[in-house]
Amino acid sequence: MKSLGKAGGSYVSLVSPGCKTDGGGGIGCELSIIIETVGASGPTPIEFKLLSSLASFAKLSCWTTSHGAVFVKAPDVSVHSGIIKVTVPADSIWTLSTT
């Protein structure tokens, strides 16, 4: 788990076991990123850069959890040239996933 810095929160990313992230191809690659901003001081802007075969994804499904709403489907998040940009509200958990 990695910290999001001063704004508060953390994230973890998971890549499918058969995925090669060193430029060796993306067949069978799946990706999930879980972001939490519990206790954050406000909305947290986040940018991820996907490398190698992971950069070929065009979009990721987004699921949100906050007070009173658990695992709600949100609009997909676009990936542009391997870059993901989102702003996660305070006290939320977001899951971005290819599945």
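In which strand does F71 lie? F71 belongs to strand β6, and this report on a predicted model returns to that residue after the overall fold, the core and the pocket have been described.

## Overall architecture

The protein chain of this predicted model contains 0 helices and 8 strands, and, read from the N terminus, its elements follow the order β-β-β-β-β-β-β-β. Of the 99 residues in the protein chain, 38% are buried. Among contacts in the protein chain with a separation of 6 or more, 62% are between residues 24 or more positions apart.

## The nonpolar core and strand β7

The largest nonpolar core comprises 21 residues, and I33, I35, I84, V86 and L96 are those with the most contacts inside it. Two or more residues of this core come from each of β3, β4, β5, β6 (69-78), β7 and β8 (93-97). As a general background, nonpolar side chains in soluble globular proteins tend to be buried together.

Strand β7, which spans residues 83-88, has two faces: I84, V86 and V88 form the covered one, whereas I83, K85 and T87 form the uncovered one. Two residues of the covered face, I84 and V86, are also among the core residues with the most contacts inside the core. Strand β7 runs antiparallel to β4, and 6 bridges join the two; within this pairing, E47 stands opposite K85 in β7, and K85 is part of the uncovered face of that strand.

## The largest pocket

The largest pocket has a volume of about 250 Å³, and its lining consists of 11 residues, with S13, L31, K49, L50 and L54 lying nearest the centre. By residue class, the lining divides into 8 nonpolar, 1 polar and 2 charged residues.

Three strands, β2 (10-15), β3 (31-36) and β4 (44-49), each supply at least two residues of this lining. Of the elements involved, β2 gives the most, with 3 residues. For a reader who wishes to probe this region computationally, the general principle is that rolling a probe the size of a water molecule over the atoms shows where empty space is left.

## Serines S61 and S97

S61 is found in strand β5, which covers residues 59-66, and S97 lies in strand β8. S61 counts as buried because its relative accessibility is 19%, a value to be read against the cut-off of under 20% for buried residues. S97 is likewise buried, with a relative accessible area of 4%.

Leaving aside residues up to four places away in sequence, S61 touches K73, D76, T95, L96, S97 and T99; one of these, L96, is also among the residues with the most contacts inside the largest nonpolar core. With the same exclusion, S97 touches L31, S32, L60 and S61, and L31 is one of the residues that lie nearest the centre of the largest pocket. S97 and S13 are 84 residues apart in sequence, while their C-alpha atoms are 9.6 Å apart in space; S13, too, is among the residues nearest the pocket centre.

## Around the end of β2

V15 lies in strand β2 and S16 in the loop between β2 and β3. V15 is partly exposed, with a relative accessible area of 35%, whereas S16 counts as buried because its relative accessibility is 15%.

Both residues can be placed relative to E30 by C-alpha to C-alpha distance. V15 is 15 residues from E30 in sequence and 5.8 Å from it in space, while S16 is 14 residues from E30 in sequence and 5.1 Å from it in space.

## Positive phi angles at F71 and S81

F71 has a positive phi of about 50° although this residue is not a glycine. Located in strand β6, F71 counts as partly exposed because its relative accessibility is 47%.

A positive value is also found for S81, whose phi is near 50° in a residue other than glycine. S81 has its place in the loop between β6 and β7, and the residue is exposed, with a relative accessible area of 72%.

Note on methods:
Residues numbered from 1 in each chain as written. Predicted model: local features only at pLDDT ≥ 70, side-chain atom pairs only at ≥ 80, totals over all residues. Heavy atoms only, no water. Helix = DSSP H or I, 4+ residues; strand = E, 2+ residues; numbered from the N terminus. Buried < 20%, exposed > 50% of the residue type's maximum accessible area, 1.4 Å probe, protein only. Contact = heavy atoms within 4.5 Å. 1 Å grid on protein atoms, 1.4 Å probe; cavity = no way out; pocket = protein on both sides within 12 Å on 5 of 7 lines; lining within 4 Å. Points joined across faces, edges and corners; volume = space filled by probe spheres on them. Nonpolar A, V, L, I, M, F, W, Y, C, P; charged D, E, K, R; others polar. Pairing = 2+ DSSP bridges. Core = buried A, V, L, I, M, F, W, Y, C linked by side-chain atoms within 4.5 Å.
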